[in-house]
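I opened this model to look up a few strands, helix contacts and single residues. My notes follow in the order in which I checked them.

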Amino acid sequence: MPAPTYEPGIGPGMPAPPHEPGSGPGMLLPPLALYLHIPFCTRKCPYCDFHSDAVALPPEESYVAALVQELRLWRHRLVQDSRPLQSIFIGGGTPSLFSATGITTILDTIRSLWSLLPAAEITLEANPDSVTLARLEGYRAAGVNRLSLGIQALTADRLALLGRIHTADAARTAIRTARVAGFANLGLDLIYATPGQTPADWQLELTEALTWNPEHLSCYTLTMEPGTPFTARYLAAALSEDISLEMFQYTHATLARLGWPPYEISNFAKPGYHSRHNCNYWAFGDHIGIGAAAHGKLTFLDGGHFKSRRTANHPNVTTYLQSLQENHLPLLLDAIQSPDEAAADALIMGLRQGIGLDRHLYRTIKGVDIVTEKQARLAHFRAAGWVKESPERLFLTPQGMPLADSIMADLL
C-alpha cells in the first residue's frame, strides 16, 4: 500500500513556507502561529478536562486588557523574530461569550504588533447558545474568517447526556446564522460513541451534519477522561470497543468516499479547508500561547542546531491577571526541551496526521531516523498492517488509526 497522497490543499489549509529570521543561510525556522485562550464557559461540560472556568458573566474588560498586555510583552521578547503569523486561533472555553468589541480589540492589537500573511487564517470557536447574528457579523468585521461551532450532538437526548446547554434546534439555527453572517469557512465539532448511542443513530447524525454543507468536520470519539463527573457517572455504561470501532470506521469510510479523507485522526475537510493552525501544530510548527493556561512552542537556533522551547501560562485567572498587572509574562513553564522530549512531541503529533510523521523532521530533532531507531517495534506494527512508511514519512494505515494512542505510546 503506498503512502496516502492526500495533502493539505491550496488556500486556507496550505501550510505557509518556512522563514529564516536571525538564522544563517539555509537554516529555516517553521511557520509561526498564535493561539489565544479564553477560558470562560457558561457551564462546565461534565466530560471536559480542558482548563475552563464556569462563570455567570466573564470578566471581559479585565481579561482583554491582560491579553493586550501579554501580546505586547511577547512582541518585545520576540523582537528579533520577523516571521509573520500564518494563523490565529481563538479557543476556549467559549470565546463567543466575548463581545465583538472585545475580539476586535484583541485582533487589532495583534495586527499592530505582527505582520500577517495575506491569506492568514483567523479562527474563533463558538457555542450555539452564545451566538447571535449581530455578534457573528461583528466577529467577521474584526477579521475572523473561520468559525468552529461546538455542536457536539444533534439530538436532544445526547445533548442532555453530554450536559450541553443548547438544543438541537439552536445548533441548526447557529449554523444558518453563521452563513448569513458571511462565514464561508465553517467547521462543526461532533462527539460520538456516547453511552446508549447505536451505529445507526450516529449514521443519522453524521448524515444531517453533512446536509449543512460545512467546510470542515471534527468528529471525536468520546474519551472517558479520569476525574471528570461524566466518567464517574457513565464509565460502566461506556460502549464496547467493537461498537466504537464500527462508528469510527463508518465515519472515516463515509467521509473518504466524499473526498474528505482524514487529514488528522478526528478531522476532515473539503479540499483547501484543512485547518492551517492545526496543521502547523501537528507538523511541529511554532505557536505563541496567549491567555490563562495557554501553551506555546518556539524553535530557536543554538550553535547551528534547532532547539524547542515550551511555554505554559498560569491556569488560574486571578494569578494570570495579577502577573500582567505587574508587567511580566504569566509563565508557569518556560523550558528548553531535550532532543528526546522534542522528538516524542513530534512523533505523537506527526502520527496523528493523515500524511504521517516527517522522517526528516524527526532526524533533525533526534539525530537518528525513526525507522532505524524503532525498527523492532515498527516491524511488529508493519506486520500487523498498522503502519507503513515511505522514504519521507511514517504513517498509520486505516487499520492503525483506531489504535493510534497505543501505537504511539509503544514507540515512545
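**Entry 1: strand E1 and its partners.** I am working from a predicted model. I began with the pairing of E1 and E10 (residues 286-290), and I find five bridges between these strands, which run parallel. On this side Leu32 is placed opposite Asp286 of E10. I then looked for another partner and found E4 (residues 85-92), which pairs with E1 in the parallel sense over seven bridges. Here I noted Leu36 opposite Ile90 in E4.

Next I asked which residues of E1 point one way and which the other. Leu32, Leu34, Leu36 and Ile38 point one way, while Ala33, Tyr35 and His37 point the other way. I recall that side chains in a regular strand alternate between the two faces of the sheet. Seven of the seven residues of E1 (residues 32-38) are buried, so I put the strand down as largely enclosed by the rest of the structure.

**Entry 2: His37.** I picked one residue of E1, namely His37. Its relative accessible area is 6%, which is under 20%, so I count His37 as buried. I listed what His37 touches, leaving aside its neighbours within four places in sequence. The contacts include His51, Tyr63 and Leu67, then Gly91, Gly92 and Gly93, and also the run Ile290, Gly291, Ala292, Ala293 and Ala294.

Two of these glycines needed a second look. Gly92 and Gly93 are joined by a cis peptide bond, with omega at about 20 degrees. I place Gly93 in the loop between E4 and helix H2 (100-113).

**Entry 3: helix H1 against helix H10.** Tyr63 and Leu67, noted above as contacts of His37, come up again in the packing of H1 on H10. I read an angle of about 55 degrees between H1 (residues 60-77) and H10 (residues 317-325), with the axes 9 Å apart. The two helices are therefore oblique to each other. The crossing of H1 past H10 is left-handed.

Which residues make the contact? From H1 I have Ser62, Tyr63, Ala66, Leu67, Gln69, Glu70 and Leu73, and from H10 Val317, Tyr320, Leu321 and Leu324. By type, I sorted the residues of this contact into eight nonpolar, two polar and one charged.

**Entry 4: helix H6 against helix H8.** I repeated the exercise for H6 (residues 199-211) and H8 (residues 241-257), which pack at an angle of about 30 degrees with their axes 10 Å apart. Angles under 35 degrees count as roughly parallel, so I logged H6 and H8 that way. H6 passes H8 in a right-handed crossing.

On the H6 side the contact is made by Pro199, Trp202, Gln203, Leu206, Thr207 and Leu210. They meet Ile243, Glu246, Met247, Tyr250, Thr251, Thr254 and Leu255 of H8. The residues of this contact divide into eight nonpolar, four polar and one charged.

**Entry 5: positive phi.** I looked at two asparagines with a positive phi. Asn213, in the loop between H6 and strand E8 (216-221), has phi near 55 degrees. With a relative accessibility of 43%, Asn213 counts as partly exposed. Asn327 has phi of about 70 degrees and sits in the loop between H10 and strand E13 (331-336). Its relative accessible area is 47%, so I put Asn327 down as partly exposed.

**Entry 6: Leu149.** Is Leu149 buried or exposed? At 1% relative accessibility, Leu149 is buried. I find Leu149 in strand E6 (residues 146-152). Its C-alpha is 5.0 Å from that of Leu188, although the two are 39 residues apart in sequence. Leaving out residues up to four places away in sequence, Leu149 touches Ala126, Ala174, Ile175, Leu186, Gly187, Leu188 and Asp189.

**Entry 7: a three-stranded sheet.** My last check was an open sheet with the strand order E14-E16-E15 and antiparallel pairing. E14 (357-358) and E15 (387-389) stand at the edges with a single partner strand each, so one side of each has no neighbour in the sheet. I find three bridges between E15 and E16 (residues 393-396). In one of the pairings, Lys388 has Phe395 of E16 as its bridge partner.

Definitions and conventions
Residues numbered from 1 in each chain as written. Predicted model: local features only at pLDDT ≥ 70, side-chain atom pairs only at ≥ 80, totals over all residues. Heavy atoms only, no water. Buried < 20%, exposed > 50% of the residue type's maximum accessible area, 1.4 Å probe, protein only. Helix = DSSP H or I, 4+ residues; strand = E, 2+ residues; numbered from the N terminus. Pairing = 2+ DSSP bridges. Axes fitted to C-alpha atoms, helices over the stretch in contact; angles between N-to-C directions. Parallel < 35°, antiparallel > 145°, perpendicular 65-115°, else oblique. Left-handed = near helix turned anticlockwise from the far one by under 90°. Contact = heavy atoms within 4.5 Å. Nonpolar A, V, L, I, M, F, W, Y, C, P; charged D, E, K, R; others polar.
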